[in-house]
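Biologist: Could you take a close look at the surroundings of the ligand for me? I'd like one connected account that I can follow with the structure open.

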Amino acid sequence: MHQAITDLSGNTLFELRLRQAILAAQHDVKQVGLLLIDIDATDNFPIQDSALAKEFSEKIWIRLRAVLRDSDTIVRMDDGELAVLLPSVAGTEDVIFVARKVLSKLEEPLLLEGLKFDVRPRIGIALFPEHSSNADNLVHRADIALAAAKRTRNKYVLYAHEQNNAPRAVLHMSELRRAIVADQLFLLYQPKIDLKNGLIAGLEVLTRWQHPELGLIPPDEFIPVAERTGLIIPLTLWVLHQSLLQCRAWNDMGIDIGIAVNLSMWNLEAQELPDQIAGLTKSIGMPADKLELEITESAIMGDPQRTMRTLTLIRDLGVRFTIDDFGTGYSSLAHLRKLPVTGMKIDKSFVQNMESDRDNAVIVRSIIDLGHNLGLKVTAEGVETQEAKDMLVGFECDEAQGYYYSYPIPAHEIAQLFRKPPLGPTDCSLAAASFSTITNGRNETTRDPQAALQRP
Ligand code: G
Ligand code: G
Ligand code: MN
């Protein structure tokens, strides 16, 4: 089968099979499922080694065959992606089931010539006729879903019509309410690094929504819904509760670290928030100084007097405040001085391209000086490169956060970061150094999967 297919042009044969399947399904209540699979080149995979690459793709093929039915077609598309055609499925649940099966099979580490490689597949899913009424469009739809999977770093994404036109209009309040109750929300943590010693200084808590049909939804999409509908209040309490519990668990493991939770403007307008935070920290048994709250400039400017009262009450509990996305809002600097905040985070739009954009570098440097003159700790977010990091060190910035150090990652990976030698707080720049040796071709020394995990 492999031979027969690779001898033909993949895309042509696939088109034929797809049309056949669609014709058949038109006379049936069944649907046609399409999986587009992309296998991430793993960090240490020597792509130049064509013999090894060939063996790699053959092994992947064998794995796919092992979990699929004989009636399913696999094709390597011209752009290197693998397409799997499921000619007769009952609906989305069937296809997702197959996608999961494929993922868990493909994800087993692969041994080639005595070397172990991680396999990181991502799948885009589309169905006929649910997502498209013709073959061409179906492939395109699966491709859009695959792009979404890569973008959101989700293992699989089912095509949703809304992905075609950027903002998703269909997130409903009732669904979000259910999501909070039904544990569809989960938290990721992104380290903030102390630039003086390279150690993890704190963790920002970032919320994600795993929607049963739409896949992973980023906060940019559901937080506005939550704010419009008032659900931001229970959502934030859920986030605070879960992350404080997690923080407690880490502390019990000997990991001494604090968390930073994002708040919305609406949170600061709720009179109950100080009492709720006091209640949570007390019942969970976490000192309030392990909690930091990130608030945007616009949140504070909404109703300065009222928010000032709330901020002060919460600050008096021992909780710290940081101004988030600094530089994007319209804060009055005079007002800023009076706020009970201890830190500011420079918005990532200034930091991301500061190596090449002189204006941004000047802005970043000025914000750092401004922050220091106000007695604030300054954190740069969106640090993606070593050059940016080096510039920030030169500017005497206090902390850095960004993909250069780590993506937002699940709690268990945070614990592993801390478990790496030397014991105690993890040296993140050390993790970065061992990663770069991995990317320079085949790694002869010990490979550290945890170090590699944190970086693109
Ligand atoms: O993690 P990501 O880059 O997708 O976050 C996008 C935005 O969503 C950020 O501005 C972040 O502050 C915000 N965000 C993430 N989680 C939460 C949360 O739990 N509450 C609030 N209010 N905002 C959040
Ligand atoms: O607005 P706020 O600062 O809360 O946004 C934080 C979000 O920024 C995180 O959720 C994370 O997904 C995103 N982020 C963190 N580091 C980087 C980075 O280095 N580059 C980019 N593009 N986004 C980042
Ligand atoms: Mn933030």
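Modeller: Happily! A word on terms before we start: a polar contact here is a pair of N or O atoms within 3.5 Å. Please keep in mind that this is a predicted model.

With that cut-off in hand, look at Asn 262, which has a polar side-chain atom 3.1 Å from an oxygen atom of ligand 1. Arg 208 also reaches an oxygen atom of ligand 1, with a polar side-chain atom at 2.8 Å. For Thr 207, the distance from a polar side-chain atom to an oxygen atom of the ligand is 2.6 Å. As for cover, ligand 1 on its own would expose 500 Å², and 79% of that is buried by the protein.

Two elements, β9 (200–211) and α7 (219–229), each give two or more residues to the shell around the ligand. The surrounding residues include Leu 206, Pro 219, Asp 220 and Ile 223, along with Val 239, Leu 263 and Ser 264. By character, the shell splits into five nonpolar, three polar and two charged residues.

How far to trust the coordinates? Across the protein, pLDDT averages 83, and 84% of the residues score at least 70. Residues 165–169 fall below 50, and this stretch makes eight contacts in the model beyond near neighbours in sequence. Residues 422–456 stay under 50 as well, with 63 contacts beyond four places in sequence. Where pLDDT is low, the predicted coordinates should not be read in detail.

Technical notes: Residues are numbered from 1 along each chain as its sequence is written. Chains are lettered from A and ligands numbered from 1 in the order in which they are written. This is a predicted model: local features need pLDDT of at least 70, side-chain atom pairs count only at pLDDT 80 or more; totals for chains, interfaces and linings use all residues. Side-chain values use heavy atoms; hydrogens and water are left out. pLDDT is the predictor's confidence in each residue, from 0 to 100. Contact means heavy atoms within 4.5 Å. A residue is near a molecule or strand if one of its heavy atoms lies within 4 Å of it. A polar contact is a pair of N or O atoms within 3.5 Å; within protein, one must be able to donate a hydrogen and the other to accept it, and residues adjacent in sequence count only if both atoms are side-chain atoms. Accessible areas come from the Shrake-Rupley method with a 1.4 Å probe; for residues, only the protein chains shown count as cover. Helices (H or I, at least four residues) and strands (E, at least two) are DSSP runs, numbered from the N terminus. Ala, Val, Leu, Ile, Met, Phe, Trp, Tyr, Cys and Pro count as nonpolar, Asp, Glu, Lys and Arg as charged, and the others, Gly among them, as polar.
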